[in-house]
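Reader: I would enjoy a close look at one part of this model, a single helix and its surroundings. Could you walk me through it and then place it in the wider picture?

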2 protein chains.
Amino acid sequence: MTNLSPTALTTDMLLEHWQGHRRLTRRVLQAFPEDELFTFSAGGMRTFGALATEMLQMIAPTMKGVLEDDWTSGGYGDPGPETKDDLLGAWDAADRVLAESWPKIPAERFRETANAFGLWTAPVVTTLMYLIDNEIHHRGQGYVYLRMLGIDPPLFYQRRPALAEPDDEGA
Amino acid sequence: MTNLSPTALTTDMLLEHWQGHRRLTRRVLQAFPEDELFTFSAGGMRTFGALATEMLQMIAPTMKGVLEDDWTSGGYGDPGPETKDDLLGAWDAADRVLAESWPKIPAERFRETANAFGLWTAPVVTTLMYLIDNEIHHRGQGYVYLRMLGIDPPLFYQRRPALAEPDDEGA
């Protein structure tokens with residue numbers, strides 16, 4: 001592996017970045033009323049429940065692809081959770097897969113080229129960034145849904161674990 | 001500077017990542033009809049013209065802060081462009097500032113802590129990532145606006161320069 005330019009983000013920083021986003025997305029999920037989560041949408045788009053299901057179902061197959069170069073879609077596209085509690089549970093399970101898998105990724109793997117799911121050929125880190133970007137993108141759409149429902153969404157810069165921020169949680 | 005974990009993204013990769021997102025956001029801007037760009041919104045939110053103005057006005061002051069540790073807000077919050085052509089022109093000008101400034105950032109600067117705009121204290125790379133995230137977040141909201149207007153938005157994974165992708169442009 002040749003470093004053509006200096007380090008912007010280490011693997012630890014990228015994981016923390018993603019996990020911060022996942023904490024924020026979980027807060028957005030929590031902010032939805034149970035029924036609106038699976039029924040409300042705008043412009044003919046998917047519900048936030050469906051968008052969040054997409055996000056979480058990408059984690060395990062991607063980690064398997066990164067670690068084992070097995071890019072079968074296991075679990076992606078399966079029928080998703082049908083209640084808010086189940087969705088939050090599945091969200092947390094995906095978090096655990098991410099936390100357990102990430103430290104096992106060999107350093108050189110991040111810039112190896114892989115054909116992810118037979119869909120695109122790119123450095124592994126680009127595929128990982130795609131998942132993060134996809135989450136931010138669809139979560140931003142969840143913010144619109146919440147606003148349209150008259151609900152104030154969580155602060156965008158709110159990324160820390162809930163237990164570490166009692167003041168923010170009460171705000 | 002201590003590397004606690006391996007490199008996930010180099011500075012070149014992070015710039016290319018951001019520029020790819022900026023190309024996509026420009027396509028979203030282009031997809032808006034002139035009047036809807038500055039008038040349409042949902043849920044009491046800002047128009048996409050206002051959101052895009054925020055994105056582009058963050059670039060120059062942030063680059064000045066990163067390069068000179070001068071975190072005054074120069075230009076941010078100024079009245080924005082009032083036509084689509086002017087907005088696209090200002091977008092491209094911000095792209096040039098980004099392209100010219102980025103190579104001047106010293107390698108060690110990315111992980112130095114800075115108090116950005118007196119608002120938050122973080123490693124410089126975290127502030128840069130915040131701008132990218134903010135753009136993805138608000139652009140996702142622009143996708144909802146376009147869908148609500150009955151307009152198909154650009155493909156999310158479409159990040160290459162326009163001239164390099166005649167097939168995609170025609171799709």
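Author: Happy to. Let us begin with a yardstick: the expected span of a helix is 1.5 Å times one less than its number of residues. This is a predicted model, and the helix I would pick is H5 of chain A, residues 124-148. With 25 residues, H5(A) should span 36 Å at 1.5 Å a residue, and its end C-alpha atoms are 37 Å apart, which agrees.

Next comes the question of surroundings. Of the 25 residues of H5(A), 19 are buried, so this helix is largely enclosed by the rest of the structure. A good residue to zoom in on is A:Gly142, which is found in helix H5 of chain A. The cut-off for calling a residue buried is 20 or more other C-beta atoms within 10 Å of its own; A:Gly142 has 25 of them within that distance, so it is buried. If we leave aside the neighbours within four places in sequence, A:Gly142 is in contact with A:Val28, A:Phe48 and A:Leu51. A:Ile105 offers another reference point: it is 37 residues from A:Gly142 along the chain, and their C-alpha atoms are separated by 31 Å. Just after H5(A), A:Gly150 takes a positive phi of about 80 degrees.

Now let us step back to the chain that holds this helix. Chain A has 6 helices and 3 strands, and from the N terminus on they run β-α-α-α-α-β-β-α-α. The radius of gyration of chain A is 17 Å, close to the 16 Å that the globule rule gives for 171 residues, so chain A is as compact as a globular protein of that length. Along the principal axes, its C-alpha atoms fill a box of roughly 50 × 35 × 25 Å. Buried residues make up 33% of the 171 residues in chain A. Among the contacts in chain A with a separation of 6 or more, 66% are between residues 24 or more positions apart.

H5(A) also has a part in the meeting of the two chains. There, 31 residues of chain A are in contact with 31 residues of chain B. Strand S1 (7-10), helix H1 (11-31) and helix H5 (124-148) of chain A each supply at least two residues of the side that touches chain B. H5(A) gives the most to that side, with 12 residues. By class, the side of chain A that touches chain B has 16 nonpolar, 12 polar and 3 charged residues. The strands meet as well: S1(A) is joined by 3 bridges to strand S1 (residues 7-10) of chain B, and the two run antiparallel. A:Leu9 has B:Leu9 in S1(B) as its bridge partner.

Finally, a few details across in chain B. Helix H3 (residues 48-68) of chain B has 21 residues and reaches 31 Å from its first C-alpha to its last, close to the 30 Å expected. H3(B) bends by about 25 degrees at B:Ile59, and a proline, B:Pro61, follows within four residues. After H3(B) comes B:Asp69, with a positive phi near 55 degrees. Elsewhere in chain B, strands S2 (residues 113-116) and S3 (residues 120-123) run antiparallel and are joined by 4 bridges; B:Ala116 has B:Trp120 in S3(B) as its bridge partner. The hairpin of S2(B) and S3(B) has 3 residues between the strands, and B:Phe117 takes a positive phi near 55 degrees there.

Key:
Residues are numbered from 1 along each chain as its sequence is written. Chains are lettered from A and ligands numbered from 1 in the order in which they are written. This is a predicted model: local features need pLDDT of at least 70, side-chain atom pairs count only at pLDDT 80 or more; totals for chains, interfaces and linings use all residues. The radius of gyration is taken over C-alpha atoms; the globule rule is 2.2 Å times the number of residues to the power 0.38. A residue is buried if 20 or more other C-beta atoms lie within 10 Å of its own, exposed if 12 or fewer, and partly exposed in between; C-beta atoms are placed from the backbone. Two residues are in contact if their C-beta atoms, placed from the backbone, lie within 7 Å. Ala, Val, Leu, Ile, Met, Phe, Trp, Tyr, Cys and Pro count as nonpolar, Asp, Glu, Lys and Arg as charged, and the others, Gly among them, as polar. Two strands pair if DSSP finds at least two bridges between them. The bend at a residue is the angle between axes fitted to the seven residues ending there and the seven starting there.
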